[in-house]
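Okay, thanks everyone for coming. I'll walk you through one model today, so pull it up on your screens and follow along.

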Amino acid sequence: MEGYAAPGGSVRSTSARSLSERDERGMAEESREEIFTRTEYRRVIAWKERIRRESPFLREVLGEAGGRRVLDVGCGTGEHTRHLAEQGWQAVGIDLSEDMIENAATLAGAIEGAGSARYERCVAAEAGGLPDAPFDAAICLGNMFAFAEDGRELDSWLRGIAAALRSGGTFLLQILNYERILASAIRYLPVNFRPLSEEEGDGEIVFLRILTPRPDGDLDFYPVTLTLRPGADPPVEIRSARQGKHRPWKRSEMEAALERAGFRVDRIWGGMSEVPFVPEESYDLTLAAVKV
Ligand SMILES: C[S@@+](CC[C@H](N)C(=O)[O-])C[C@H]1O[C@@H](n2cnc3c(N)ncnc32)[C@H](O)[C@@H]1O
């Protein structure tokens, strides 16, 4: 049984994926899981600032959805789930990674006002089976869809999310804009710097994300975390380095896949604010779709 919630919140124990299913799914998901846990994803993002920046846009788009139940797909350590719970939503965060879900539940327990957030290990394709479904809205932020191996997997994730929504429910999805990345032969994403913890002393964690085009059209993705300590010998050390793969979905492919899964694409932006989408310039591809 795999289910977690913040102390004070509801605790459900629902097995989202049986062991035999996990075996059949093979290695791909296990290594995807490792990519995020091993890169200390929680520590390398400036979460407070990010949530503050994205909050007005989330309020605007999700506010239009009506209702109170929201699903955060690929919630990671649950920052958006907690934020939405603080805003009065009944928020459920799901992730394929057990570590992420455990961390999300622990963090929510430590933060006052986040008690209505609930976390569960569940993959996108199976979101329709969640006990809280149907939801009024769903979000999937932070480029999760780039980790779908192919169109078949993309479709299964989107169908799972559609199955978790009520008809008329809103789905907000954000991935990188690969049209810009490919057109400008971009080889890295913006570098993040975060302070080390007090116990670790002076210095910073540096988060690098390297992209390398592959012959098959996908991109190799190397998330790397470094410790930077000025004056130390050596001053820079590798904390972790992983290799994954991004599928560089284009806007037209995402739109077609959403429609196949039973959504109507409603609006498209170039980031997590109401900026227009410009194929060769926008940093992100952000779509709002309505479950038909
Ligand atoms: C880059 S993180 C994004 C975290 C957060 N949503 C954000 O906006 O930063 C992607 C997350 O999606 C999860 N994930 C990847 N594939 C998934 C799937 N098929 N179903 C559910 N979660 C998945 C990973 O474990 C990881 O925590």
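One definition before anything else: when I say helix or strand, I mean a DSSP run, H or I over at least four residues for a helix, E over at least two for a strand, numbered from the N terminus. By that rule, alanine 185 sits in the loop between helix H8, residues 178–183, and strand S7. And please keep in mind that this is a predicted model.

Let's stay with alanine 185 for a moment. Its phi is positive, about 45 degrees, although the residue is not a glycine. Most residues other than glycine have a negative phi, and most peptide bonds are trans. Is alanine 185 buried or exposed? It's exposed, because just 8 other C-beta atoms lie within 10 Å, and 12 or fewer puts a residue in that class.

Asparagine 143 is another one to look at, with a positive phi near 70 degrees. You'll find asparagine 143 in the loop between S5 and helix H7, residues 151–164. Asparagine 143 has 19 C-beta neighbours inside 10 Å, so it counts as partly exposed; buried would take 20 or more.

Then the cis peptide bonds. Going from alanine 133 to proline 134 the bond is cis, omega near 5 degrees, and proline 134 belongs to the loop between S4 and S5. From aspartate 233 to proline 234 the bond is cis as well, with omega near 0 degrees. That proline, 234, is in the loop between strand S9 (219–228) and strand S10 (236–241).

Okay, zooming out. The chain has nine helices and 13 strands, and 38% of its 292 residues count as buried. If you take contacts between residues at least 6 apart in sequence, 68% of them join residues at least 24 apart.

Now the inside. In soluble globular proteins, nonpolar side chains tend to be buried together. Here the largest nonpolar core has 65 residues, and the members touching the most others are Val70, Val73, Ala138 and Ile161. What does valine 70 touch, leaving out residues up to four places away in sequence? The list includes Leu62, Leu84, Trp89 and Phe135, plus the run from Asp136 to Ile139.

Leu84 takes us to helix H5, since Leu84 is one of its buried residues. H5 covers residues 79–86 and is mostly covered itself, with seven of its eight residues buried. Those buried residues pack against helices H4 and H6 and strands S2, S3, S4 and S5. Just after H5, glycine 88 has a positive phi of about 100 degrees.

H4 has its own quirk: a bend of about 40 degrees at glutamate 54, with proline 56 following within four residues. Its buried residues are Leu58, Val61 and Leu62, and they pack against S2, S5, S6 and S13.

On to the strands. S5 and S6 pair in the parallel sense over five bridges, and alanine 137 stands opposite threonine 170 in S6. Why call S6 largely enclosed by the rest of the structure? Because nine of its 12 residues are buried. For S7, residues 188–195, the count of buried residues is zero. S7 pairs with S8 in the antiparallel sense over six bridges, and there proline 195 stands opposite glutamate 204.

A quick stop at glycine 270, in the loop between S12 and S13. Glycine 270 is partly exposed, because 19 other C-beta atoms lie within 10 Å. Its C-alpha is 9.8 Å from that of isoleucine 175, 95 residues apart along the chain. Among the residues that glycine 270 touches are Asn177, Phe277 and Tyr283.

I've kept the ligand for the end. Which residues come nearest to the ligand, out of the 20 around it? They are Gly74, Gly76, Ala124, Leu141 and Gly142. The elements giving two or more residues to that shell are helix H2 (27–38) and strand S3 (90–95), and H2 gives the most, with three. By type, the shell divides into 12 nonpolar, five polar and three charged residues.

That's my tour, so over to you for questions.

Definitions and conventions
Residues are numbered from 1 along each chain as its sequence is written. This is a predicted model: local features need pLDDT of at least 70, side-chain atom pairs count only at pLDDT 80 or more; totals for chains, interfaces and linings use all residues. A residue is near a molecule or strand if its C-beta atom, placed from the backbone, lies within 6 Å of it. Ala, Val, Leu, Ile, Met, Phe, Trp, Tyr, Cys and Pro count as nonpolar, Asp, Glu, Lys and Arg as charged, and the others, Gly among them, as polar. A nonpolar core is a set of buried Ala, Val, Leu, Ile, Met, Phe, Trp, Tyr and Cys residues joined through C-beta atoms within 7 Å. Two residues are in contact if their C-beta atoms, placed from the backbone, lie within 7 Å. Two strands pair if DSSP finds at least two bridges between them. The bend at a residue is the angle between axes fitted to the seven residues ending there and the seven starting there.
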